[in-house]
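Q: Could you take a close look at one part of this model for me? I'd like to hear about the place where the two domains of chain A meet, and how that sits alongside the rest of the complex.

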Amino acid sequence: MEKRVTFNNLWIAAAFIAPQLFLVFTFFYWPTGQALYWSLTLEPPFGGGNQFVGLQNFKAVFADPHYWDSVIRSVIFAITVTLLSVGFAAVLALFADRNLRGHQLYKFLYFLPYAVPAAAVGLAFRFTFTPEAGFLGALNHLHPGLWDPTRNGWQALLQIILGQSWKMAGYNFIFLLAALQSVPRPVIEAAAMDGAGVLRRMREIQLPLITPTFFFLFVINITDSFVDSFGMIDVTTKGGPSRATELMVYKIYLDGFESKDYSLAAAQSIILMLLIVVMTVLQFRFVERRVHYS
Amino acid sequence: MVERTPLINLLTHAVLLLGLVILMAPLALVVIAASHDFKTVNLSPMPLIPGGHLWENLRAAWVGNNFGQVMFTSLVVAFGVAAGKIILSAMSAFSIVYFRYRLRMVFFWIIFITLMLPLEVRIVPTYAVAANALSPYQGLIDALASLVPAISIKLPEWNLLNTYQGLILPLVATATGTFLYRQFFLTVPEELTEAARMDGAGALRFFWDVLLPLSKTNMAALGVIMFVWAWNQYLWPILVVTDQNHFSTATMQLSKAVPGLAFGEPPVWNTAMAATLIVMVPPLIVVILAQRWFVRGLISTEK
């Protein structure tokens, strides 16, 4: 799409776009390029310029079992969070879309969790799940040590999975509800006339019609879980116990800022970037399709 | 729809209510825990009937975490990011849509690609840039100077660590808003531009008097989204603020809210939860007051 009527004063055009270009160059393109450069070089221990080492950093990353652990945990985290929060939000959206009494209040309250800072969500869940107080700690009355996310890695992972799913559920609810509201009422009414009950209409009319939104949300949720888990992890488990919640971004942070190994952190950044780019391309291709059909 | 389904209606209400309980429970627990005294909050399980110590705990958390200053910092950052986004993205979208020059689409893609990679995946090199914001330009000059030695210049250092600029600028450097404005500008009727030009309005006048008033809705939506997003940032602030005793954002402060298990004492959960409550209230208020804009902004920025 192009404008037929445009302005001629190109100085204004340049002046208007320059600040944005400077910003993205300084804080996006240069750092991204720098990550690529660091990932292919090594800083010699006694100073001097970086030396090109080819793919050695990547080989080091791939040879590190801790890295693969963090990848596997990130994948588990991303998939469970996505399924849990999209599934939960879908059930709520389907029922809220029936517009029975009180539906406006529900619709208003459901998405509030998304506005809560991840660090606050993390602390709230850490308190709820803390072994010596809170709620799940009561399980320890049944059997001492039954519940302790500060010792048990899987319980710690479960804790951040639930926290992230809780936060994302509100977000997913907004999109699913918007999608359901755009399903033409006559379609649903026709199904009702043909004798399809409420639940059957949900299953066979509404859900299939909003599959594009599901696809979109799957991509967004998975990308988000890969990238946006840092705040929650840092205030709850700090990657522990014994690396059980050390997801990919957290490991980049630890390697880059705690161990000061820029090359290793940069190589991991590049891998994560590629992963995110693939996801984003998937998403754009899908957006294109949706524009065609709607 | 005219349909009698009493059983399923009952189920609907039950499901919706259960969903509400699950989604509100963590928020409610924070408030309840913040209202207990130290002894009650450490009972397991904690009593669900709120205690009478809410104000006391809020005051203790406020003073203990220096929230007066911390909240101010966060407000400045959140407003700064929202304002920066609104202004810069309106300007760049205007340049891309309303002018015709060869590099136009190149610029559009340069800005658009930044949508792909969030700050979190390039933290280490971005941190290096924040330590000296002129280092990219020094790098460019050095690269040129290796070809033409005459132009070798030493730029001064511009350290953004522990500054508002350092907290704000990298968060502004993405395409979210530009794309939103571009889509909107494309829907503005050509006749408006024609009429404005016929009346002798130049580009600046048209931008200021016609386009900006028309995009109020966009601005509100983008502003609300960006305010909440910036307020909730955690990773970038803890990197760019190295002097955390004197300069801190609200979310960062939470990492210090739970004192460790020193001397085997249980953590002071009641004031920690009071701190959590204080930190999550501003974005919640913004979202509650501006729900319409928030939802609209969310749906249109993600498209």
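A: Let's fix the term first: two residues are in contact if their C-beta atoms, placed from the backbone, lie within 7 Å. Keep in mind that this is a predicted model.

With that cut-off, seven residues of domain 1 of chain A are in contact with six residues of domain 2 of chain A. On the domain 1 side, H1 and strand E1 (41–42) of chain A are the elements that give two or more residues. H1(A) has the largest share there, with four residues. Sort that side of domain 1 by class and you get four nonpolar residues, two polar and one charged.

As for the domains themselves, the assignment puts domain 1 of chain A at 1–54 and domain 2 of chain A at 64–293. Their C-alpha centres are 32 Å apart.

Now for the contact between the chains: chain A brings 87 residues to it and chain B brings 90. Helix H1 (residues 10–40) of chain A turns up here too, giving the most to the side of chain A that touches chain B, with 20 residues. That side of chain A holds 66 nonpolar, 14 polar and seven charged residues.

And the confidence? For the complex, the predictor gives an ipTM of 0.86 and a pTM of 0.88. Chain B has a mean pLDDT of 85, with 96% of its residues at 70 or more. Among the elements of chain B, helix H4 (residues 67–98) has the highest mean pLDDT (92), while helix H2 (residues 38–41) has the lowest (76).

Conventions:
Residues are numbered from 1 along each chain as its sequence is written. Chains are lettered from A and ligands numbered from 1 in the order in which they are written. This is a predicted model: local features need pLDDT of at least 70, side-chain atom pairs count only at pLDDT 80 or more; totals for chains, interfaces and linings use all residues. Ala, Val, Leu, Ile, Met, Phe, Trp, Tyr, Cys and Pro count as nonpolar, Asp, Glu, Lys and Arg as charged, and the others, Gly among them, as polar. Domain bounds come from an automatic or database domain assignment. pLDDT is the predictor's confidence in each residue, from 0 to 100.
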